[in-house]
Structure formats: structure tokens, C-alpha cells
Amino acid sequence: MLTAITQFIRDEEGATAVEYGLMAALIAAVIIGAVTTIGTNLNTVFGDIATTLGS
């Protein structure tokens with residue numbers, strides 16, 4: 001039993017998959033944040049342009 005637990009702890013294949021999953025989630029979060037910020041800024045810019053052209 002102790003041998004099986006030791007072998008499970010030393011097995012790094014599952015840890016690699018988890019690490020890749022965490023990296024993918026972090027990259028997705030950064031992309032979502034960047035796109036949201038850029039979208040908000042673009043909305044403000046186009047709103048200002050529309051206001052200027054409407055005046």
C-alpha cells in the first residue's frame with residue numbers, strides 16, 4: 001500500500017495535465033479581461049465621435 005501511495009505521489013503525468021489546464025484558464029481570463037477593456041474603450045471613443053458629429 002505504501003508503495004502505491006509513493007508511486008502515485010511521484011507520478012507527474014497527471015500534474016502536467018492540471019498545470020496545462022490552469023495555464024489555459026489563466027490565459028483565457030487575461031484575454032477576456034483585455035477584450036472587455038478594449039471594448040469599453042472603443043465604445044467610449046465611438047460615442048465621443050458620434051456626439052461630435054451630431055453637434
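**Note on a predicted helical model**

1. Start with I38. This residue lies in helix α2, which covers residues 13-54. The model is a predicted one, so keep that in mind for every value below.

2. Now the overall fold. The protein contains two helices and zero strands. Its radius of gyration is 24 Å, well over the 10 Å that the globule rule gives for 55 residues, so the protein is more spread out than a compact globule. The spans of the C-alpha trace can be set beside that value: along the principal axes they are about 80 × 10 × 5 Å.

3. How much of the protein is buried? Buried residues account for 0% of the 55 residues. The exposed area of the protein is about 5000 Å². Carbon and sulfur atoms supply 71% of that area.

4. Back to I38, this time for its surface. I38 helps make a nonpolar surface patch of about 610 Å². The other contributors are L42, V45, F46, I49 and L53.

5. Next, V35. This residue is also found in helix α2. Is V35 buried or exposed? Its relative accessible area is 54%, and the cut-off for exposed is over 50%, so V35 counts as exposed.

6. Last, a distance within the chain. V35 and L22 are 13 residues apart along the chain. Their C-alpha atoms are separated by 20 Å.

Notes. Residues numbered from 1 in each chain as written. Predicted model: local features only at pLDDT ≥ 70, side-chain atom pairs only at ≥ 80, totals over all residues. Heavy atoms only, no water. Helix = DSSP H or I, 4+ residues; strand = E, 2+ residues; numbered from the N terminus. Rg over C-alpha atoms; globule rule 2.2 N^0.38 Å. Buried < 20%, exposed > 50% of the residue type's maximum accessible area, 1.4 Å probe, protein only. Areas by Shrake-Rupley, 256 points an atom, 1.4 Å probe, with all protein chains shown as cover. Patch = residues over 30% accessible without salt bridge, like charges linked within 9 Å, V, L, I, M, F, W, Y side chains within 5 Å. Salt bridge = Lys/Arg side-chain N within 4 Å of Asp/Glu carboxyl O.
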